[in-house]
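Me: Could you take a close look at one part of this model for me, the surface patch and the helix it belongs to, and then walk outward from there to the rest of the fold? I'd enjoy one connected account that I can follow with the structure open.

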Amino acid sequence: MTATRSSISAFIVCCNEEQKIRRCLESLSWCDEIIVVDSGSTDTTLQICSELGATVYHQPWLGYIEQKRYALSLCSSTWILNLDADEVVSDTLREELVDILARDAVGAIREDGFLLNRVVFFLNRWWRRGGWYPEYRLRLCRRDKTTWGGNEPHEKAIVSGATARCKGELQHFSFSDLQDFIARSNTLSSNSIPTLLAKGTRFSGAHLLLRPLARFIKFYLIKRGFREGYAGLIIALLEASAVLAKYAKLWEQTRLSNPDEKNS
């Protein structure tokens, strides 16, 4: 604990993030401790982390959930703040978080976790409409009240206690261009298949038809993606395509594991 606020450890898991991690780490310079768990970077990521004072640990990839569990175990402060390498704490959010820590130091904070609202910057604009906003993620937590869980690849913090929402935004520089967006969507849809199979999810033609349509309607109509012109239309269509790909891959895996269904 500092003289005026409770202590905080920030942690990041990463690999080959030289294009984004500097901005992320600079936005965490106010934290008492910055932990980086790297799974094998071959670019200048580690050099940047050392330059900016982060403590780097090397850990071969364990999976989305286990990697963050390991990183959490390395933190020593009262509070933990988890960021991805492509995320940045905005100035407004930083002030809000520092205020929470200051009030916690005098016993004025009853919550054990705070959800941060992410806003995506992509195609030269902030996406406060079009499907990705608001998006609250539990990222600021009391260390002794926090575990990590979820379903691969969608890990999440789990807090045993009360939570609240912060007003400041967590900036998300998630994709460099449309090619990057498509590649990441393809990876995520593939990574989701083992979880779907483990949960006993069966392929359904209705899923294949209706869930991509529902995704498009959400992004383009309900979340007003049409207000973003062609960019909004493109993102809505690509999001729908990502959902289609996920269920198409589930269908493929179902056929491979059940030869009797090869003609279905």
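Reply: Happy to, and please keep in mind that this is a predicted model. Let's begin at Leu221, which sits in helix α6, the stretch covering residues 205-222. Leu221 is partly exposed, because its relative accessibility is 46%. Together with Leu209, Leu210, Leu213, Ile217, Ile222 and Phe226, Leu221 makes a nonpolar surface patch of about 700 Å².

Helix α6 also carries a charged contact. Arg215 pairs with Glu239 in a salt bridge whose closest N and O atoms are 2.8 Å apart. Glu239 belongs to helix α7 (residues 229-257) and Arg215 to helix α6, so this pair ties together parts that lie 24 residues apart in sequence. The two partners differ in cover: Glu239 is buried at 8% relative accessible area, while Arg215 is partly exposed at 28%. Elsewhere, salt bridges with shared partners link Lys68, Asp84, Glu87, Arg118, Glu135, Arg137, Arg139 and Glu155 into one network.

Between α6 and α7 there is a loop, and Arg224 is found in it. Although Arg224 is not a glycine, its phi is positive, at about 60°. Arg224 is partly exposed, with 39% relative accessible area. Asn124 is another non-glycine residue with a positive phi, about 65°. Asn124 lies in the loop between β6 and β7 and is exposed, with a relative accessible area of 70%.

Now for the other salt bridges. The whole structure contains 20 of them. One of these joins Glu51 to Arg22, with 3.0 Å between the closest N and O atoms. Since Glu51 is in helix α2 and Arg22 in helix α1, the pair ties together parts that are 29 residues apart in sequence. Both partners are partly exposed, Glu51 at 48% relative accessibility and Arg22 at 30%.

Asp180 and Arg184 form a further salt bridge, again with the closest N and O atoms 3.0 Å apart. This pair stays inside one helix: both residues are in α5 (residues 178-198), four residues apart, which is about one turn of the helix. Asp180 is buried at 16% relative accessibility, whereas Arg184 is partly exposed at 31%.

Let's move inside. The largest nonpolar core has 30 residues, and Leu28, Leu81 and Leu97 touch the most other members. At least two residues of this core come from each of β1 (8-14), α1 (21-26), β2 (33-38), α2 (45-51), β4 (79-82), α4 (91-105), β6 (113-122) and β11 (163-172). Leaving aside neighbours within four places in sequence, Leu97 is in contact with Trp30, Leu81, Val89, Leu116, Leu140 and Cys166. Apart from this core lies another, of 15 residues, including Phe11, Ile35, Ile80 and Ala157.

Helix α3 (residues 64-74) is a good place to look next. Its buried residues are Ile65, Gln67, Lys68, Ala71, Leu72 and Leu74. Their cover includes β1, β2, β3 (55-58), β4, β9 (146-151) and β10 (154-159). Lys68 has a second role in this account, as a member of the salt-bridge network mentioned above.

What about the cysteines? The count of disulfides comes to zero. A disulfide needs two cysteine sulfurs within 2.5 Å, and the sulfur of Cys24 is 8.8 Å from the closest one, in Cys14, so that pair is too far apart for a bond. Cys75 is in no disulfide either, as the nearest cysteine sulfur, that of Cys31, is 10 Å away. Both residues are hidden from the surface: Cys24 is buried at 0% relative accessibility, and Cys75 is buried at 5% relative accessible area.

Finally, two peptide bonds deserve a glance. The bond from Tyr133 to Pro134 is cis, with omega near -5°, and Pro134 lies in the loop between β7 (125-127) and β8 (136-142). Glu152 and Pro153 are also joined by a cis peptide bond, with omega about 0°. Pro153 is in the loop between β9 and β10, and β9 and β10 are among the strands that help cover the buried residues of α3.

Note on methods: Residues numbered from 1 in each chain as written. Predicted model: local features only at pLDDT ≥ 70, side-chain atom pairs only at ≥ 80, totals over all residues. Heavy atoms only, no water. Buried < 20%, exposed > 50% of the residue type's maximum accessible area, 1.4 Å probe, protein only. Patch = residues over 30% accessible without salt bridge, like charges linked within 9 Å, V, L, I, M, F, W, Y side chains within 5 Å. Areas by Shrake-Rupley, 256 points an atom, 1.4 Å probe, with all protein chains shown as cover. Salt bridge = Lys/Arg side-chain N within 4 Å of Asp/Glu carboxyl O. Core = buried A, V, L, I, M, F, W, Y, C linked by side-chain atoms within 4.5 Å. Contact = heavy atoms within 4.5 Å.
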